[in-house]
Amino acid sequence: MSTTSNIRWPRIAIAIVALTAAIGAAVPADAGPTLDKIKERGVIRVGVGSEPGFFTPDANGKWQGFFVDFGRALAVTVFNDPDKVEFTNSSPQQRLPALQAGQFDVLLSGVTQTVTRAFKLNFHFGPVVFYDGQGILVKKSLGVTKAADLEGATIGVQSGTTGELNIADFFKKTGKTYKPVVIEDTDTFTQALLSGRVDALTQDSSDLGLRRSAFPNPDDYVLLPERLSKEPLAPAVLGGDDRWLEIVDWTVYATVQAEEYGITSQNVDSFLKSDDPGIKRFLGVDTSLGEAIGLDPKFAYNVIKKVGNYGEIFERNLGKSTKIGFERGLNKLWTQGGLIYSPPFR
Ligand SMILES: N[C@@H](CCC(=O)N[C@@H](CS)C(=O)NCC(=O)O)C(=O)O
């Protein structure tokens, strides 16, 4: 390499950096078609399921639940208002085509991220908000303690879910037989076990745990120990709008990063006085981060203040203080042995 090129290249590099910075400063952040539509409409459309703990309207018709809270967090990022979001219940079978048809801006319905859904349905997935695995729920009186005991059993499966293929694979691998009863509607699915129409139900184990906790006699039913699959449940959006996906991503990450910092809806104001430069940028006390990414510099502050951090969302809807009583398990922060992790806010 000649001396001249050694001198020239850094100059070119400097020029490129300067030009990029100038363009970046001049061009407002691209809003993206989905965000434009949402702003015009004044509300985010979210597809959900129906299951107390994850997503359910309360006595006043107000939607509550773990996945619902991420929808509210999104509404805070976009509108600084947790109520500018419309939740619509749709069965597992119908919600994926509904997202494809543009009826929802995002699915927060316990959708498993899979390669087929990425390539064939053109779904893009946000961060996993709940690491799950498929389980099997049986009546205790059946005397079954492991999945392998279910030879010849009648098993309810919800149509349109990953459960259909997983249970077929499981029985193929074990060389045993079973009779699938495929049911679309969520209440009919539950009733099939309660009425004895099926010996067992298979679904995401969280889903089965939630159903069981709403049974009149939950202790009469047991979730078998096996997990037949990996079910990473994540927000799903339709591919082709990167900006919208980034908003979904970083809204979820804000809840995770807040938990990592120890920032909650209760103490967030005290963190506004923090000397930590990272926390200052994260909460928008130093506005440079928000300005750089084209979001309200206080979006993370607003999400935490109005909805809470990841741990609060989990505990309030599913945790030990609720009748659901789920352990965090894999859904602990990575610093505590779990898989919940936020990339850096910088
Ligand atoms: N994760 C599976 C199952 C999806 C699913 O059925 N989700 C549950 C929550 S984890 C649900 O919506 N249950 C309530 C309902 O059927 O409405 C998939 O993506 O196919």
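What share of the contacts in the protein chain with a separation of 6 or more comes from residues 24 or more positions apart? The answer is 71%. The views below come from a predicted model.

**View 1. The whole protein chain, with its helices and strands.** The chain has 14 helices and 14 strands. Its C-alpha atoms fill a box of roughly 80 × 50 × 40 Å along the principal axes. Of the 346 residues, 49% are buried.

**View 2. The surface and the charges.** About 16500 Å² of the protein chain is exposed. Carbon and sulfur atoms supply 54% of that area. The chain carries 37 positive and 40 negative charges. The mean positions of these two sets lie 2 Å apart.

**View 3. The shell around the ligand.** The ligand has 22 residues around it. Those that come nearest are Thr112, Arg117, Thr162, Gln203 and Asp204. Two helices, α4 (92–100) and α8 (205–213), each give at least two residues to this shell. The strands β11 (200–204) and β13 (231–233) each do so too.

**View 4. Polar atoms facing the ligand.** Start with Gln203: a polar atom of its side chain is 2.7 Å from an oxygen atom of the ligand. At Thr162, a polar backbone atom takes part, 2.8 Å from a ligand oxygen. At Ser109, a backbone N or O atom lies 3.4 Å from a nitrogen atom of the ligand.

**View 5. The ligand under cover.** Taken alone, the ligand exposes 490 Å². The protein buries 98% of that area.

Technical notes. Residues numbered from 1 in each chain as written. Predicted model: local features only at pLDDT ≥ 70, side-chain atom pairs only at ≥ 80, totals over all residues. Heavy atoms only, no water. Helix = DSSP H or I, 4+ residues; strand = E, 2+ residues; numbered from the N terminus. Buried < 20%, exposed > 50% of the residue type's maximum accessible area, 1.4 Å probe, protein only. Contact = heavy atoms within 4.5 Å. Areas by Shrake-Rupley, 256 points an atom, 1.4 Å probe, with all protein chains shown as cover. Lys, Arg positive; Asp, Glu negative; His and termini not counted. Charge placed at Lys NZ, Arg CZ, Asp CG, Glu CD. Near = heavy atom within 4 Å. Polar contact = N/O pair within 3.5 Å; in protein donor to acceptor, adjacent residues only side chain to side chain.
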